[in-house]
Every structure is written in C-alpha cells, then in structure tokens.
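Let's look at some labels and ask what earns them. Here is the structure to keep in view while we go.

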Amino acid sequence: MKYIILPFFVFFTIISSEAQEAVTKGKELFGDLKARQIGPALMSGRISDLEVHPSNDRIIYAGTAGGGVWKSVDGGAKFQSIFDDYCQSVGAVVLDPSQPDKVVWVGTGETWTRNSVSAGNGIYRSGDGGTNWQKMGLENSERIGNIIVHPKNSDIVYVAVLGALWSDSEDRGVYKTTDGGKTWNKILYVNKTTGCADLAIDPSNPGTLYASFWEFRRTPWSFSSGGHSSALYKSTDEGKTWAKIHNGLPAGQLGRMGIAVAPSNPNILYTVVESEQNKDKGLYRSDDAGISWKLLSNDFGLVVRPFYFSRIVVDPKNPEVVVKGGLFGSISRDGGKTFKNLGPMHADIHDIAFDIKNSDRMYVGTDGGVYRTWDGGNTMEMVENLPVSQFYHVTVDNQTPYNIYGGLQDNGSWYGPSSSPGGIEARDWHSVGVGDGFRVYPHPTKKIVYSEMQGADNIWRLDVDRQQVKTIQPLPVEGDPKLRFNWNTSITTSPNKPDRIYVGSQFLHKSEDMGDNWVKISPDLTTNDPAKQDQASSGGLSRDNSGAENHCTIFTIAESELDEKIVWVGTDDGQVQVTQDGGKTWKNVSATLPGLPKNTWCYHIEPSHFRKGSAYAVFDGHSMGDMKPYAYKTTDFGATWTSIITPEIEGFTRSLKEDYVNENLLFLGTELGLYVTMNGGKNWMKFTNNVPAVAVMHIAQHKGTNDIILATHGRGVIIIDDVSPLRQINETTLNKELHFFDLNPLTVIEENGFGGASGETQFVGPNPSKSARFAYYLKKRHTFGKMTMEIQDLQGNKLSELTPGKSKGINVVEWNFRTKSPKVAGGKTFSAGSMTAPRVPAGKYKVVIQKGNDTFSQEFEVKMIRLLQ
C-alpha cells in the first residue's frame, strides 16, 4: 500500500515577548552576579546522541538528556558546552555532510522516553560550528528522534518527530524542508498517537528513505508501548510516497523499532522489533533493501526495554559489524547472528559512534556519560569532564565550607564540598547510596546522612564516621494496605527536632529516633484511585514494572520551622493537605487553588519563614500534557491561594525557594531555567548568568553564606554565591544613581592552598572567590567622564586602586585585601616576595567611588579566619 501525504507548511514562532523581556531585564539587572557550575562529572549523566565529524576524527558532538550539546575537538579528551542558552533536552545532533565544519543541526527533546525525561521545544541550526544558534521551528515537536541532511544539498533536511509523550499530538511525523529550515513540509503522518521514532537514508541514493513509526503513551501511572499503528516505511522518491516494508516481520501489534542502513552496502538493513510474541522479538536483517526480513537473534540484550534502547549502528566500513544499545550494549561481528556485550562501563547504552578512520575506536553514550574504546569495545575509558549529572534534589549542611547532598538519575546519592583546595575534584565527592538517587538529607547535628533509592526499595541511615549503614524505610503493620511509595519517594527532616524524619507513602510516616521506629500520623492523603494503581500491567508489549509509574502517593512534605505541629503534604495526584496539630487532623485545601486543573501533580511545598499560615505550592502538569507553569501562595493555611505566575515564565514549574531574610525575594525553578522575583511574584526575571536553560528540580539556600544552590537535571549542581544584594533591590534602590549594597564583615581566609591533583582531562568545579567583593547598583551605564574606585583607611589614605564596573545593573568588583605594591630598588637580583604587596590587617576601611563630581563611599570591616585543613 502506498501512503501519499498532501503537504502543508509549518512556520516557526519565536519566544513570547514577555519571556524574552524577562531574559533581557535579568541580564541587565543581575550584571556581575554570576553562578558557578560545580558538576560533578564523576558520575556524569545520560547521553542521548553522538555525532562524529565525517572527515575530522578529532571532532565529536554529544547530545545529552538534560545538559545540552557538548563538542570535543581533541578526539573526546575534553568536551565544551556549546548550547547553554537553549533547551537542554536533546534528541538528535547532526552535521551537514556538505559543510560539517560549519553547519550543525540540533533537535531538542530526548526520545528515550523514561518517566523522568525532559521535553524539547523545536529544532536549531548553527552555521559556525556551534558558536551561534538560530531556532528553525517545529516548536511543538516535543521530541525529535533523528535529523538527516541531504548528502549533496544542504537545503534539504528530513526530521523524525516522535512528538508528545504524555498526550495526543498532530505534530508527529516526518518533516522535510527544501529551503534550509525556513519552512517545513510534513511528508508522512500516521495519527496523533504514533510518531516517527527513527529515520535513515541510503547514502548512495539519497532519494531512498526509511522511517520507523511507534505508537506509545505515558501517563503518570502507566506506560504503553506498541499498537497496530507502529510500522516500518520506505520511500524511493524523496518522501513523496511511502510504503510499508513488513515482509518477514511479525504480524499483529508492533512496538518500537530502530532502523539502520549499512553505509558500505545500503542493501543491508537492520531493525530490532518489539512484537506481541516474545519468540518474534529480536534483530531482523534485510539483504534486499527492505523487500524481505529475516529474524537472526532474540538475545535478551537486544530486546530489553525497547522504549529506552532502540539505537542500531552499523560499522561504516563493514556491514557485518553491528552494535545495539541496551543494558550493556551488544556487538556482533557476523552480521547479527551472534552478539556479545561491550566492555565494562556504566550500564544503559543509548548510542554508539564509530571513528571514521578506525572502526576499532568507538564512542559510547550511556546513562553515566561518554566512554571511548580503542580495541573494538573490549575495554572502555570514561570521559571525565562531562558535568551533565542529573540531580533530583539538593540539601546543605552547616559545616565550613558547607557540603552539598543530592541524588542522581541512575547514579546513586552523593555529597561533596562547596569549595576545596585547588577546586572541587572528583575525589571530593562521597557516595552515600546506589541505584536511582533522590532525596539526601544530613542530620542537623550528627554526622548522619539519610538517602534512598527508587520506590523506597531502600532508605538508608549512614553513620559517616563509622561507615555503618542501617535500612530504615517504614514497613506496613498489621491491618495496613500495601504501602505505595513514589518512585521519587518523599523524605524530609524536621527544622525543629534534629532526630525527626518524615517519609511519605500514601500515608505520612514520622520517626522521632532517626528511623528506628515509625508511626503513621495521617490517613491516606491521596485520591486512592484504583484505576491508577495497576502498575503490574504497565509497559504495553514489553511489561515494565520498575516502580516508575507508582501513583497516588505523597511527593512533597514540609514541616514549618515556625511551628513543629504545622506540616504540609502534596501528592502526585494533586492533593494539598495541611495539619496544624501534628497530624491529629488534616485539611484538604486542593479545591481552593484557582485555575489549576484537577489532579495536577504537586511537586513542591514551601512553608514561609515569616508567617505560620503562609506557604507556597508548585505544580507540574507536564505528565498529563499540560506544559503551563503553576505556583501559588497562601497566607491563611490554604483557605485561599493566589497565583504568582506571570507571562514572563517559560517552562513548567518544578521548585521554589523563599529567601530567609526578604519574603518578597523568591527563586523559581522551571524546566527551562531559573527565575527570580524581588516583589513577591508580581513580575519575574530569568537568571541566565552561567545558569543554562536547564531543568531546575530543587533549590536550597545556605543561611550562613546566602548562597542559592540549584539541583539541575542535566548540569549538576549550580551555586549562585551570596545573593544578599538581591534582597535590597526595590524601587528606592533602582532610582539611585549608584547604590552600594550592604556588606557583612569581609573575611581573609587562611587555609591550605594546596590541591588540584586532577589531570587536565578531568573536570574540576570552581571555588568561590576568596577576594573581598564589593557590589553596587548603577542606574545607568557610565560612559562619559572619569570614574575611579579606591580602598581607603578611615582617614582617607589610599591603600589600593581598583577598576570599577561601569555597566547598568549590579556590578561586582573584587579586591585581594592587599595594598599598593611596594617600590623596589633596581638591582642585579630580586626576591619574588619583595614584589608582593602586603595584606591589610584586620580593621575598618572604606571603599570610595568617584563618579564625575559625585563621591560614593561605604565603610566595611576586615576579619581574619584560620581554617584547619
């Protein structure tokens, strides 16, 4: 049967004017207030796609699940991020074979469709090797599985749009442009539940195309792979008409199928088929360009979790060598008859790329980063500088320097320092859990750490000093129903009682002795909908009951620091419950949330630090196809709620943090980055100073340093050091010509400066500056006249001269605590020490800015701190 698709054109739109204004105003105001990305890269993160340069074997691109696009120009020894300003969820990275040094295409939206996958927002093109990017449309595609550029005509590009994971979509299908992406023509469409999962081209005859279509759907409580609409198609006329190529494939419903063409012999095709019968699942080969297929192997490594592993790659020089993604990766050297695992590396293999000159050299993308091999996959080496770790949650302790705790997707639970001599190295991070890591909490006063793995399969209490571990998850007692724990089980400690810890199932469990004993302090706080509790049937054609679809569970718990009897709970099925008597009675306040669709996932609740009845609630509806942001505030224990979302915010919402000092200063984490408001949510600005457009899953604040710490799902931990200047932003400040922000005493830290043992190919997270930092706001950029900045003693004697910042917005100028360099007499020899300026002693000083005829000054104090290392 031939399928002829009538063309229609899709024109791309641009970011909303409000969202763009939020970016522009944020860049202007935040100025020199910048974040630092501390990684880590020790465990890296999920790699979704790899692309090698067709003629230069030193250039490799890596697309990541949530950390953007990275480029290596030295054969994978080091990678650099090149896509920070755009959606960080990447489905495909492709070079134009006609101009590979210049033209790069990126399709956003990862297509390895697990429950925690991020979403995309279209297709992008770079004409200068990744330095600058232009959005080229397909904004409703959500997930792009592959991009193919015509080998002889750069204006012709084909795109496989898998489409929406959580809802119906008419934007699925195969798209084609003949004008370099200005307009798009949908050339193959099946229906609104079936998208194009893979796309291939015959390199010797670019009029021949192959497309794999997959029927699939996720809900928060189920996953279904497969249906009667899944199929393999072939076109021999550049996509004008298509025909199914199923001769030899199983009858009935089909699931996800990858497709690969052998570059050295395009008549040879490989596909791995998901089907109704287990005996029919496996690797199929065609030796006649798809006219007929033959089943060669149904090895477990080939058929496991097809929704997550479907990539097939053929050696560009040898059609008998084929590699398949999987739990451990499978390689065949006899044309698909037999397979063996690839060498030891992180599990979950998503893509493989052969070196263009030497097929024994391969790059492999895993859930734990990129690996390289020089011997055909027998031994593997991890690339150690890809800080694309996927954190779910972050907490901090009160040590100096403070430690950061968090759990990562498929990479366990860890803690590490916010600074370290020589920078934050891989060796500074310590493992405190395995599996999928989520919430990690330090005990407030003891060297105890709580951590967990998916679905509360284990909740651990770790004695850090003794290195002893105890399993402490709550267990059902007689008369209890089966406990339902979310895949990302909610745990929290108490801000009032150090030994108290909470865990959420459908009930709220509380322990007063660090998890040794538990009591239920609530009834079932969820909807307890039986229709959403049939996880044993989840998966579709391939059953997959990992716990990722557990539903009707408590997802967020928060005890008020103002009153230990006030506890808030939010559930994954949209319930917000509050108790004011320690759990004796509960009130469901979900019905009072204006404009919130019923059963929308409550992702985070934040009790206010200022009033007992005030709290914030953040909701995430993307898992029901709703990509809008939702965040609310109540001042009356949930009797009424007010939305604090404005048109400036782009991306569905994940987290919120209220500043400890200024209740109008809020930080909002979305799927596409961080937003900040200084007026309680009346309007927002996007913080883009070294914070990419990444999913911000959780936000912590350190009370001692005023740092904001972000748990991102793709760029590791990001810290904005000392946000106290933002507390002072108000109308009065903004109308001053120059305003110095308040300073705490400045500290000279005497510590061990030795460190930095990592090699040059290893990632090292930057430390905060040890210099004094003077922050001031300029109403307008200083362009004319003289502007100077000096450090003086209180008598007005100049001690040091600094270069002032002159930009509109916040300027930050650093001083190393030293006076002017001494004058040194000429001589035949010199001592290096004689050229070093002396450091000022502890005491009081002032910083003075002369701006034209106006003088601005601020007094400050210098203190000495000695750290024992």
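Rings of Phe, Tyr and Trp pair if their centres lie within 6.5 Å. In this predicted model, such ring pairs link Trp 214, Phe 216, Phe 223, Phe 307, Tyr 308 and Phe 309 into a cluster. The structure holds 27 aromatic pairs.

Q: What makes Phe 83 and Tyr 124 an edge-to-face pair?
A: Their centres are 5.2 Å apart and their planes are at 90 degrees. Pairing needs centres within 6.5 Å, and edge-to-face needs planes over 60 degrees apart, so both tests are passed. The two sit 41 residues apart, with Phe 83 in the loop between β7 and β8 and Tyr 124 in strand β10.

Q: Why is Phe 83 called buried?
A: Its relative accessible area is 0%, and buried means under 20%, so the label fits.

Q: How do you know that Tyr 124 counts as buried?
A: Tyr 124 comes out at 3% relative accessibility. The cut-off is under 20%, so Tyr 124 counts as buried too.

Q: Why is the pair of Trp 815 and Phe 860 called edge-to-face?
A: The ring planes stand at 75 degrees, with the centres 5.9 Å apart. An angle over 60 degrees counts as edge-to-face, so this pair gets that name. Trp 815 is in strand β66, while Phe 860 is in strand β68.

Q: What makes Lys 186 a charge over the ring of Tyr 189?
A: Lys 186 lies over the ring face, at 4.2 Å from the centre. The distance limit is within 6 Å, so that part of the test is met.

Terms used:
Residues numbered from 1 in each chain as written. Predicted model: local features only at pLDDT ≥ 70, side-chain atom pairs only at ≥ 80, totals over all residues. Heavy atoms only, no water. Phe/Tyr/Trp six-rings, centres within 6.5 Å; stacked < 30°, edge-to-face > 60°. Helix = DSSP H or I, 4+ residues; strand = E, 2+ residues; numbered from the N terminus. Buried < 20%, exposed > 50% of the residue type's maximum accessible area, 1.4 Å probe, protein only. Lys NZ or Arg CZ within 6 Å of the ring centre and 35° of its normal.
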